[in-house]
Amino acid sequence: MDLIAKIFETKRDIQLLHFSERLHIPPASETSTLLTIWSFHEKADSCGVSVTELASLLCVSVPTVSRCLQKLSAKGYIVKTSNQKDRRGTYVTLTPEGEAICQKARKNISRFLERVLAHIDPAELEQFFHTMDKILDAVRTELSGCKK
């Protein structure tokens with residue numbers, strides 16, 4: 001078995017399922033961005049999340065997250081505000097429409113995962129996650145010796 005080909009084939013097969021469309025939620029990049037913003041939005045004392053921090057949390061560049069935020073802003077899901085202390089910084093918060101989309105996405109994803117996981121034996125699922133943890137540990141070990 002060609003491991004690299006199998007990994008990319010599986011990734012492609014998953015992408016071809018078009019989850020977002022079928023679950024009636026925004027595209028994956030928008031949904032992950034919205035749900036990350038929502039995690040800050042739920043904190044009562046939060047003034048939102050900075051664009052820089054959001055990019056870091058999503059493991060993407062600031063220009064990449066900025067393009068996504070432009071789309072979300074155009075849809076009325078987020079509001080961007082300037083940092084009062086440092087005009088260069090921008091914070092992002094959800095609008096009521098954005099909050100509603102997040103609630104819908106979480107509900108639809110949760111229902112879908114419950115149905116999917118009902119097809120899998122709990123012991124097999126536990127073994128899968130155990131194996132994934134071992135792979136992640138091995139990846140971290142191998143990358144610890146690599147230079148950035």
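1. Start at the loop between α1 (3-15) and α2, where H18 sits. This is a predicted model. The phi angle of H18 is near 50 degrees, a positive value in a residue other than glycine. How open is H18 to the outside, buried, partly exposed or exposed? H18 counts as partly exposed, because its relative accessibility is 41% and the partly exposed range runs between 20% and 50%.

2. C59 also deserves a look at its backbone. C59 lies in the loop between α4 and α5. Its phi is positive, about 60 degrees, although C59 is not a glycine. The relative accessible area of C59 is 70%, so this residue is exposed; the cut-off for exposed is over 50%.

3. Next, the aromatic rings. A search of the whole structure finds two aromatic pairs. F19 and F112 form an edge-to-face pair. Their centres are 5.4 Å apart, with 80 degrees between the planes. This pair links distant parts of the chain: F19 is in helix α2 (residues 19-23), F112 is in helix α6, and 93 residues separate them. F19 is partly exposed at 32% relative accessible area. F112 is partly exposed too, at 22%.

4. The rings of F128 and F129 have their centres 5.2 Å apart. Their planes stand at 70 degrees, so this pair is edge-to-face. An angle over 60 degrees is what earns that label. F128 counts as partly exposed, with 44% relative accessibility. F129 counts as partly exposed, with 45%.

5. Now the sheet. In what order do its three strands lie? The order is β1-β3-β2, the sheet is open, and the pairing is antiparallel. β1 and β2 are the edge strands, since each pairs on one side only. Strand β1 (residues 49-50) pairs with β3 over two bridges. Strand β2 (residues 78-82) pairs with β3 over five bridges.

6. Individual bridges can be traced on the model. S50 has Y91 in β3 as its bridge partner. V79 has T93 in β3 as its bridge partner. K80 stands opposite V92 in β3. In a regular strand the side chains alternate between the two faces of the sheet.

7. Then the core. The largest nonpolar core has 18 residues. Those with the most contacts inside it are L34, I37, L69, L72, I78, V92 and L94. Which elements give two or more residues to this core? They are α3 (28-41), α4 (51-58), α5 (62-74), β3 (90-94) and α6 (96-117).

8. Take I78 from that core. I78 lies in strand β2. Its relative accessible area is 3%, so I78 is buried; buried means under 20%. Leaving aside neighbours within four places in sequence, I78 is in contact with L34, I37, L69, L72, S73, V92, T93, L94 and T95. I78 and E142 make a useful ruler: they are 64 residues apart in sequence and 39 Å apart in space, C-alpha to C-alpha.

9. L94 is another core residue to click on. Neighbours within four places in sequence are again set aside. L94 is then in contact with L34, I37, W38, H41, Y77, I78, E99 and C102.

10. T33 is found in helix α3. Is T33 buried or exposed? T33 is buried, with a relative accessible area of 3%. A polar atom of the T33 side chain lies 2.7 Å from the backbone oxygen of S29. T33 touches L54, L58, C68, L69 and L72, not counting residues up to four places away in sequence.

11. Finish with helix α7 (residues 122-144). Why does its length agree with expectation? At 1.5 Å a residue, its 23 residues should span 33 Å, and its end C-alpha atoms are 33 Å apart. The expected span uses one less than the number of residues. D121 caps the N-terminal end of α7. A side-chain oxygen of D121 lies 2.9 Å from the backbone nitrogen of A123.

Methods:
Residues numbered from 1 in each chain as written. Heavy atoms only, no water. Core = buried A, V, L, I, M, F, W, Y, C linked by side-chain atoms within 4.5 Å. Buried < 20%, exposed > 50% of the residue type's maximum accessible area, 1.4 Å probe, protein only. Helix = DSSP H or I, 4+ residues; strand = E, 2+ residues; numbered from the N terminus. Contact = heavy atoms within 4.5 Å. Pairing = 2+ DSSP bridges. Phe/Tyr/Trp six-rings, centres within 6.5 Å; stacked < 30°, edge-to-face > 60°. Polar contact = N/O pair within 3.5 Å; in protein donor to acceptor, adjacent residues only side chain to side chain.
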